[in-house]
Structure formats: C-alpha cells, structure tokens
Amino acid sequence: MRIKSWHINGFGVFHNVGIEELKDGLNVFLGPNEAGKSTLLAFLRQMLFGFPRGRRAKDRFEALAGGRLGGQIVLEGTGRGTIILERLIQGKKELLRILFEDGKEGSLEDLKQVLGGADEKLFRRIFAFDLTELSSFESLREEGVHERIFSAGISGAGASAHSAIKNLTSEIERLLKPRSGEIRQLLGEIKEVNE
C-alpha cells in the first residue's frame, strides 16, 4: 500500500489543502518550525486509524482554520486498485467511507486488510514516526534498531523479537532434553516399534 494523495478538509491550521500526486519512493516534507509538518503527520495517522476519543480526544487537531475535521486519502497498491478513504467528524459522530476502484464501498474490516493488519502502534513505530519517537532510536545499537523493526514486523507492535526468540529457545530445550525431552521419548518409542 502507498499513499498516493490527500486532501485536508479541516485539521489544525490546515483547511482545504492537499497534495495531488506523491512520487513513488521516499517523499520528504521540509519546512521551518511551526510550518505544520507534525500536524500533517497527525492527519495521516488519524485518517488511517481514526480520530482520538475519550481521554485521548485532547490529541485531536480541531479544524482551527475552518472546514469539518477530517479529509480524504487516496491509497493504491493493495491489490484492489485505487482506494479512497474519507474520514470526517459530523457533530459528535465520526464518519468513515471507503470506496474501492470498482465502485464498491468497504468496511472497517476492509480498511484493516488494506493496511495489511498494521495497527496504529505499528504504523507509528515503523512507518510514520516523529522526531521524539526517532530520538528513542539514537541510544540503540544498530542491532537494536533492527530488532525493533523485526519485532514490529513479525510479532506485532509492542512485542519483542528477543522475547519471542527466548521463548522459542526454551521450548526447543524442553523438547530436546537428553533424557526426558518429548522428542527423545517419541524417537525411543519409534525405535521400539521398529524393532
């Protein structure tokens, strides 16, 4: 999946702005402090995973410059062609609309499939992190960065590859104990049956 374009109806300081066509590969957004880079990142995250509610509602970027909170993102490369994702706040209600290239409307489950099962935590840690989150990588050795990316990729955000490897090693040792391991016992039984 890749983000092809977006349009912001209203989000923080942005109103009725967007990008028509992002290039393939890496796109860099450069600007001075307070230009809206972090606001744009928050917009993309919230469009994909929903606007914060409850205690997290303070993290919403209310439409200060006008328009309804939300907008539209165009995605592609998911095996279903171009997908239009619209998310808006109307009153107290969040409206979500997913439109596939063939004209069919999708559901929240379809969106999860389009995102490859990635949740907000994984997206934030691997694909769309800000400077604060990036600085947490500075103290890690190269292997630590690899482990964080590997962990998020195979075991979901929040789980540790190191922990998974430790658990697998422990299970292997249990199964292969020289005298009492389950596999050794089964091999002994097979040998007896063959004799």
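This is a short talk on the helices, aromatic pairs and salt bridges of one predicted model.

Hi everyone, thanks for coming. Please keep in mind as we go that we are looking at a predicted model.

Let me start with the overall layout. The chain holds 7 helices and 6 strands. If you walk along the sequence, the order is β-β-α-β-β-β-β-α-α-α-α-α-α. The chain has 195 residues, and 27% of them are buried. For those of you who like contact maps: of the contacts with a separation of 6 or more, 48% are between residues 24 or more positions apart. The accessible surface of the chain is about 13,400 Å², and carbon and sulfur atoms own 54% of that.

Now to helix 1. It has 13 residues, and from first C-alpha to last it reaches 19 Å, close to the 18 Å expected at 1.5 Å a residue. Is this helix enclosed or open to the outside? Of its 13 residues, 10 are buried, so helix 1 is largely enclosed by the rest of the structure. Have a look at who is on that list: Leu40, Leu41, Phe43 and Leu44 are among them, but so are Arg45 and Gln46. Right after the helix comes Gly50, with a positive phi near 105 degrees.

Let me stay with Gln46 for a moment. This helix 1 residue has a relative accessibility of 7%, so it counts as buried. What does Gln46 touch, leaving out residues up to four places away in sequence? The answer is Phe11, Phe51, Pro52, Asp59, Arg60, Phe61 and Arg87.

Two of those names bring us to the aromatic rings. The whole structure contains 3 aromatic pairs. One of them is Trp6 with Phe29, a tilted pair with 5.7 Å between the centres and 45 degrees between the planes. This pair joins distant parts of the chain: Trp6 sits in strand 1, residues 2–11, while Phe29 lies in the loop between strand 2 and helix 1, 23 residues apart. Trp6 is buried at 7% relative accessibility, whereas Phe29 is partly exposed at 39%.

Then there is Phe11 with Phe43. Their ring centres are 5.4 Å apart and the planes meet at 70 degrees, so this pair is edge-to-face. Again the link covers distant parts of the chain, from Phe11 in strand 1 to Phe43 in helix 1, 32 residues apart. Both of these residues are buried. Add Phe61, and Phe11, Phe43 and Phe61 make one aromatic cluster. Recall that Gln46 touches both Phe11 and Phe61.

One further phenylalanine for you: Phe100, in strand 5, residues 93–100. Its relative accessibility is 3%, so it counts as buried. Leaving out residues up to four places away in sequence, Phe100 touches Arg80, Thr82, Ile83, Glu105, Gly106, Asp110 and Val114. For Asp110, the C-alpha atoms are 9.9 Å apart, with the two positions 10 residues apart along the chain.

On to charges. There are 11 salt bridges in the whole structure. Arg53 and Glu94 form one, with 3.5 Å between the closest N and O atoms. Where do the two partners sit? Arg53 is in the loop between helix 1 and strand 3, and Glu94 is in strand 5, 41 residues apart. Arg53 is exposed at 56% relative accessibility, but Glu94 is buried, at 18%. Glu94 also has a salt bridge with Arg87, at 2.4 Å from N to O, and here both residues are buried. If you remember, Arg87 is one of the residues that Gln46 touches.

Further along, Glu182 pairs with Arg174 in a salt bridge, the closest N and O atoms being 3.5 Å apart. Both come out as partly exposed: Glu182 has 39% relative accessibility, and Arg174 has 39% too. Elsewhere, Arg2, Lys4, Glu21, Asp24 and Glu76 are joined into one network by salt bridges that share partners.

Last stop, the outside. Ile172, Leu176, Ile183, Leu187 and Ile190 make a nonpolar surface patch of about 430 Å². Which element gives the largest share? That is helix 7, residues 182–194, with 3 residues. Ile183 is in that helix, and its relative accessible area of 36% makes it partly exposed.

That is my tour; happy to take questions.

Methods:
Residues numbered from 1 in each chain as written. Predicted model: local features only at pLDDT ≥ 70, side-chain atom pairs only at ≥ 80, totals over all residues. Heavy atoms only, no water. Helix = DSSP H or I, 4+ residues; strand = E, 2+ residues; numbered from the N terminus. Buried < 20%, exposed > 50% of the residue type's maximum accessible area, 1.4 Å probe, protein only. Contact = heavy atoms within 4.5 Å. Areas by Shrake-Rupley, 256 points an atom, 1.4 Å probe, with all protein chains shown as cover. Phe/Tyr/Trp six-rings, centres within 6.5 Å; stacked < 30°, edge-to-face > 60°. Patch = residues over 30% accessible without salt bridge, like charges linked within 9 Å, V, L, I, M, F, W, Y side chains within 5 Å. Salt bridge = Lys/Arg side-chain N within 4 Å of Asp/Glu carboxyl O. Expected span 1.5 Å × (residues − 1).
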